[in-house]
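These are my notebook entries on a structure that was new to me. I set down what I looked up, entry by entry.

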Amino acid sequence: MPVKTAITIIADLVRSLVISGLAAAGVLLLVMAGSATAGYCLWRLWQRARR
């Protein structure tokens with residue numbers, strides 16, 4: 001029984017690490033997409049104002 005419990009604990013740790021890593025990657029992608037969109041919009045506004 002103790003061995004199975006240790007394996008279960010380790011599996012839960014690995015699962016939580018993978019899930020948190022995926023969540024962090026998703027948040028990072030969202031932030032990058034938002035920054036790119038905002039930068040493009042600002043660049044377009046700047047181009048329009050220069051004319």
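Which residue lies over the face of Trp-46, and at what distance from the ring centre? I looked this up first, bearing in mind that the model is predicted. Arg-50 is the residue in question, at 4.7 Å from the ring centre of Trp-46.

**Entry: overall form**

I then turned to the chain as a whole. Its secondary structure comes to one helix and zero strands. That helix, α1, covers residues 2-50. I noted the extent of the C-alpha trace along its principal axes, which is about 75 × 5 × 5 Å. The radius of gyration of the chain is 22 Å, whereas a compact globule of 51 residues would have one near 10 Å.

I checked two C-alpha separations as well. Val-14 and Gly-39, which are 25 residues apart along the chain, have C-alpha atoms separated by 37 Å. For Trp-43 and Ser-16, 27 residues apart along the chain, the separation is 40 Å.

**Entry: surface and burial**

What share of the 51 residues is buried? I recorded 0% for the chain. The chain exposes about 4700 Å², and carbon and sulfur atoms supply 76% of this area.

I next looked up a nonpolar patch on the surface. Ile-10, Val-14, Val-18 and Leu-22 make this patch, whose area is about 380 Å². I examined two of its members individually. Leu-22 lies in helix α1, and I list Leu-22 as exposed because its relative accessible area is 60%, above the 50% cut-off. Val-14 is also found in helix α1. With a relative accessible area of 46%, Val-14 is partly exposed.

**Entry: the salt bridge**

How many salt bridges does a search of the whole structure find? The search returns one. Asp-12 forms a salt bridge with Arg-15, and their closest N and O atoms are 2.8 Å apart. I noted as background that side chains of opposite charge can pair when their charged atoms come close. Both Asp-12 and Arg-15 lie in helix α1, where they are three residues apart, about one turn of the helix.

Are the two partners buried or partly exposed? Asp-12 counts as partly exposed because its relative accessibility is 37%. Arg-15 counts as partly exposed too, at 48% relative accessibility.

**Entry: the aromatic pair**

I searched next for paired rings, and the structure holds one aromatic pair. Tyr-40 and Trp-43 form the pair, with 6.1 Å from centre to centre. Their planes are 35 degrees apart, and I therefore entered the pair as tilted, since stacked planes would be under 30 degrees apart and edge-to-face planes over 60.

Why are Tyr-40 and Trp-43 separated by about one helical turn? The reason I recorded is that the two residues are three residues apart in helix α1. I also looked up the accessibility of Trp-43, which is found in helix α1. Trp-43 counts as partly exposed, with 44% relative accessibility.

**Closing entry**

I end with a short record of the chain for later reference. The predicted model has one helix and zero strands, and buried residues make up 0% of the chain. My searches gave one salt bridge and one aromatic pair.

Conventions: Residues numbered from 1 in each chain as written. Predicted model: local features only at pLDDT ≥ 70, side-chain atom pairs only at ≥ 80, totals over all residues. Heavy atoms only, no water. Patch = residues over 30% accessible without salt bridge, like charges linked within 9 Å, V, L, I, M, F, W, Y side chains within 5 Å. Areas by Shrake-Rupley, 256 points an atom, 1.4 Å probe, with all protein chains shown as cover. Salt bridge = Lys/Arg side-chain N within 4 Å of Asp/Glu carboxyl O. Helix = DSSP H or I, 4+ residues; strand = E, 2+ residues; numbered from the N terminus. Buried < 20%, exposed > 50% of the residue type's maximum accessible area, 1.4 Å probe, protein only. Rg over C-alpha atoms; globule rule 2.2 N^0.38 Å. Phe/Tyr/Trp six-rings, centres within 6.5 Å; stacked < 30°, edge-to-face > 60°. Lys NZ or Arg CZ within 6 Å of the ring centre and 35° of its normal.
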